[in-house]
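Trainee: Hello! Could you teach me how to read the features of a protein model, one at a time?

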Amino acid sequence: MSNIKNLKKFVNLEKIKILEKKYKLPLWLYDFNTIKKKIKKLKIFDIVRFAQKSCSNLTILKLIKKLKVKIDAVSQGEIERAILSGFKKNSNDIIFTADLIDEETLHTVIKNKIPVNAGSLIMLKNIGKNSKKHKVWLRINPKFGDGHSKKTNTGGEHSKHGIWNIKDAIKIIKKYQLKLLGLHIHIGSGAHEKNLKKSCFIMIKEALRLNKKIKYISAGGGLPIPYHFSEKKINIKNYYKKWDKTRKILSKHFNKKIKLEIEPGRFIVAESGILIAKVYVIKKNEFTTFVLINAGFNDLIRPAFYGSYHQISIIPFDSRKLNYKNTFKTVIGGPLCESGDIFNPMKNDKIKIFKLPEIKVGDYIIFHDTGAYGSAMSSNYNSRPLIAEILIKNKKFKQIRRRQTNKEMFSLEL
């Protein structure tokens, strides 16, 4: 969870007002020091590969490249973002992961000689037919999945991801003389550590069954972070030890040192980011207080889409002290013309009611741990412009994406 004590140091009332005046609210704010610390923790792995779909801002990509992190791209646009950020073509810097490949993306992959992590046999054939001897990985469907939501499970019979029987892939690899680099397993985003042993066992089982010399294995991503105060942080050393044991078994079998990759997104960036918004309306009925802010699910969709929880901080506009002994049943909502435009988690059509102290119009609301899948999943719904992204680096604020104008938003239609 993003450090609330640190927050007071960098994002106090005075600084929020400066940010509001200069960039307008709502806005995204990232702390690069947090990103650096997270990457440092992962350096026990041979290769750290950032799942850029979680946070694809070009400035952040350029900065993590300097920390010798590689990139996982899942679209043509993400490949081009990576190249723009300085990641090398025709190298191990960028891997393209997908279950299908369209003509434009195929052209980009072949032109730039990007290794492909194939999640389907048809995709593998498309690569082979158009680019013999292309470097490929095989993404295994481990036949089970896990994650913070059923929508983020990436394994099992109901998952579209990965190859169910990788032995079928060998015929295609042989036919087109594709160069098999490695095997990849990813069971889901926010997966529980308890499933680690099972993932490692399946990697060993499938690699031995395949019996082809490989250079790499990937533990995938999905490393969870503690969104609630009560949640424990994942033990990275323990995570590494289990995968390192897996790597050693396979290295011994193939009589070749295999490199171990990890491919997180959320773990690297989630706790670095916050969303800052402002209270515009307070509405009360006999049951609930509704606090309406100027950010909606077009900005932060995770609570509405996944039922996800984000810790909230209230910064009073008048520096008053908040009375946490006297709380009210509160729903925080946005400006969209949608009943579901709320930030209270919803599960099975039931809203989790927050118990918060009295909030006033003009107060500031901060949503924590939004660095992953916050800005990256935002949209122009209700014709609302994309908001600014600001980075804290060396104790200074730097705008890394300006607020979109209405004219820019309409430009594709004029």
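Trainee: Let me begin with one residue: does Cys200 count as buried or exposed?

Mentor: Buried means under 20% relative accessible area, exposed over 50%, and partly exposed in between, using a 1.4 Å probe and protein chains only. Cys200 counts as buried because its relative accessibility is 5%. Cys55 is buried too, with a relative accessible area of 4%. Before we go on, note that this is a predicted model: local features need pLDDT of at least 70, side-chain atom pairs count only at pLDDT 80 or more, and totals for chains, interfaces and linings use all residues. Residues are numbered from 1 along each chain as its sequence is written, and side-chain values use heavy atoms, leaving out hydrogens and water.

Trainee: How many disulfides are there?

Mentor: A disulfide is a covalent bond between the sulfur atoms of two cysteines. Here we look for a pair of cysteine sulfur atoms within 2.5 Å, and the count comes to zero.

Trainee: Which strands close into a barrel, and in what order?

Mentor: Strands of a sheet pair through backbone hydrogen bonds, either parallel or antiparallel. Strands (E, at least two residues) and helices (H or I, at least four) are DSSP runs, numbered from the N terminus, and two strands pair if DSSP finds at least two bridges between them. In this model eight strands close into a barrel in the order S2-S3-S4-S5-S6-S7-S8-S9, with parallel pairing. Neighbouring strands of this sheet are turned by 30° against each other on average, direction ignored; the axes are lines fitted to C-alpha atoms, for helices over the stretch in contact, and angles run from 0 to 180 degrees between N-to-C directions. As one case, S2 (residues 47-51) and S3 (residues 70-73) pair over three bridges, and Arg49 has Lys70 in S3 as its bridge partner.

Trainee: Which strands pair in the antiparallel sense?

Mentor: Look at S18 (residues 388-393) and S19 (residues 396-401), which pair that way over five bridges. Glu389 has Arg401 in S19 as its bridge partner. Two residues lie between the strands of this hairpin, where Asn394 takes a positive phi near 55°.

Trainee: Where is Asn344, and what does its side chain reach?

Mentor: Asn344 sits in the loop between S13 (327-333) and S14 (346-347). Asn344 counts as buried because its relative accessible area is 1%. Its side chain reaches the backbone oxygen of Lys352 at 2.9 Å.

Conventions
A polar contact is a pair of N or O atoms within 3.5 Å; within protein, one must be able to donate a hydrogen and the other to accept it, and residues adjacent in sequence count only if both atoms are side-chain atoms.
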